[in-house]
Amino acid sequence: VMRTWVLLPAVLWCLTGDKIYVKLHQNSPVLMCMDFKLSKKEIVDPTYLWIGPNEKTLTGNNRINITKTGQLMVKDFLEPLSGLYTCTLSYKTVKAETQEEKTVKKRYDFMVFAYREPDYSYQMAVRFTTKSCIGRYNDVFFRVLKKILDNLMSDLSCHVIEPSYKCHSVEIPEHGLIYELFIAFQVNPFAPGWKGACNGSVDCEDTTNHNILQARDRIEEFFRSQAYIFYHNFNKTLPAMHFVDHSLQVVRLDSCRPGFGKNEGLHSNCASCCVVCSPATFSPDVNVTCQTCVSVLTYGAKSCPQTSNKNQQYED
């Protein structure tokens, strides 16, 4: 039976076929070259042999830590460290009466994958009334609204992308025919100069995701304030262009950095994670899936020899 683990415990006992997920630039848990049942018994002359994803024997270094009792921990986990980790435990059984020795070997396999949190962005839609669908004032209003929203979150390195609007006539019961602007836009955490918000951190996803959540909250509060103005001016003359209450819609969009993707079938216990692309797959952009490329032999590939896609979103 295939078993899958998301990395929470500090020590993992191996079950055949385990899948283990290590967040990029974090330390792996301690992998035990032994099962839980054996750990409760006396073991004579144990030796441990760890083989890494490159099928080479692992020895202790500044990144790989192997204890005398066969425990393995990988520090600052990176994409190429993903793959199959195998440990062979050898030990002896000794018959007390004859002192006859017998060597026993057991193998333990761990499939280890680097993962990242997805990058968040938000698709939003909102509606405003207008005097008519004809005239340049709709364009002016649209540009002013975008500028207001960008200013709301400029300190967060977030900005509005892919803004658009259409004007429609809407017949409302007991109110007759009115004109409305149907506005859509995406709030994105990678405004020009966004890397400056990372403060030199190796991985900026926690910062960018925190900032985009703040940006979302500010925008929602802005439109709530527009609704407040509407309700507290009902005895006064309303402007021809005003917010349509309850029209704000917000949907979170996840994307994965190049070299990572989501795969609920393959990584069901880390379905919301951006998991490193496996060999024979790659991800050149900020999509959410890894694409097939049979010539790719490594984990975390960002390109296929036959393609030359470039990622524009992460450029300053």
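Which handedness, left or right, does the link of Cys-256 and Cys-274 have about the S-S bond? In this predicted model, the link is left-handed, with -80 degrees about the S-S bond. The sulfur atoms of Cys-256 and Cys-274 lie 2.1 Å apart and form a disulfide. This pair links distant parts of the chain, given that Cys-256 sits in the loop between S13 and strand S14 (260-261) whereas Cys-274 belongs to strand S15 (residues 274-276), 18 residues apart. Cys-256 has a relative accessible area of 0% and is therefore buried, and Cys-274, with a relative accessible area of 1%, is buried as well.

The loop that holds Cys-256 follows on from S13, and S13 in turn belongs to an open sheet of four strands, arranged in the order S11-S12-S10-S13 with antiparallel pairing. The edges of this sheet are formed by strand S11 (159-172) and S13, each of which pairs on one side only. From one strand to the next, the twist averages 20 degrees. Strands of a sheet pair through backbone hydrogen bonds, either parallel or antiparallel.

Strand S10, which spans residues 119-130, is mostly covered, in that nine of its 12 residues are buried. On one side, S10 pairs in the antiparallel sense with strand S13 (residues 249-255) over seven bridges, and within this pairing Asp-119 has Ser-255 of S13 as its bridge partner. S10 is also joined by nine bridges to strand S12 (residues 176-188), and these two strands likewise run antiparallel; here the bridge partner of Tyr-122 is Val-187 in S12. S12 is further joined to S11 by 12 bridges, again with the strands running antiparallel, and Val-170 stands opposite Ile-178 in S12. Helix H2, made up of residues 137-152, lies across S10, S11 and S12 and runs at about 135 degrees to S11.

A further disulfide is found in this part of the model, formed by Cys-133 and Cys-167, whose sulfur atoms are 2.0 Å apart. The link of Cys-133 and Cys-167 is left-handed, with -80 degrees about the S-S bond. Because Cys-133 lies in the loop between S10 and H2 while Cys-167 lies in strand S11, the pair ties together parts that are 34 residues apart in sequence. Cys-133 has a relative accessibility of 32% and so counts as partly exposed, the range for that class lying between 20% and 50%. Cys-158, by contrast, counts as buried, because its relative accessibility is 3%.

By the sulfur-to-sulfur criterion, the count of disulfides comes to six. Among them is the pair of Cys-33 and Cys-87, joined with an S to S distance of 1.9 Å. With -95 degrees about the S-S bond, the link of Cys-33 and Cys-87 is left-handed. This pair, too, links distant parts of the chain, since Cys-33 is placed in the loop between strand S4 (30-31) and helix H1 (36-39) and Cys-87 in strand S8 (residues 83-94), 54 residues apart. Both Cys-33 and Cys-87 are buried.

Technical notes
Residues numbered from 1 in each chain as written. Predicted model: local features only at pLDDT ≥ 70, side-chain atom pairs only at ≥ 80, totals over all residues. Heavy atoms only, no water. Buried < 20%, exposed > 50% of the residue type's maximum accessible area, 1.4 Å probe, protein only. Pairing = 2+ DSSP bridges. Axes fitted to C-alpha atoms, helices over the stretch in contact; angles between N-to-C directions. Contact = heavy atoms within 4.5 Å. Disulfide = S-S within 2.5 Å.
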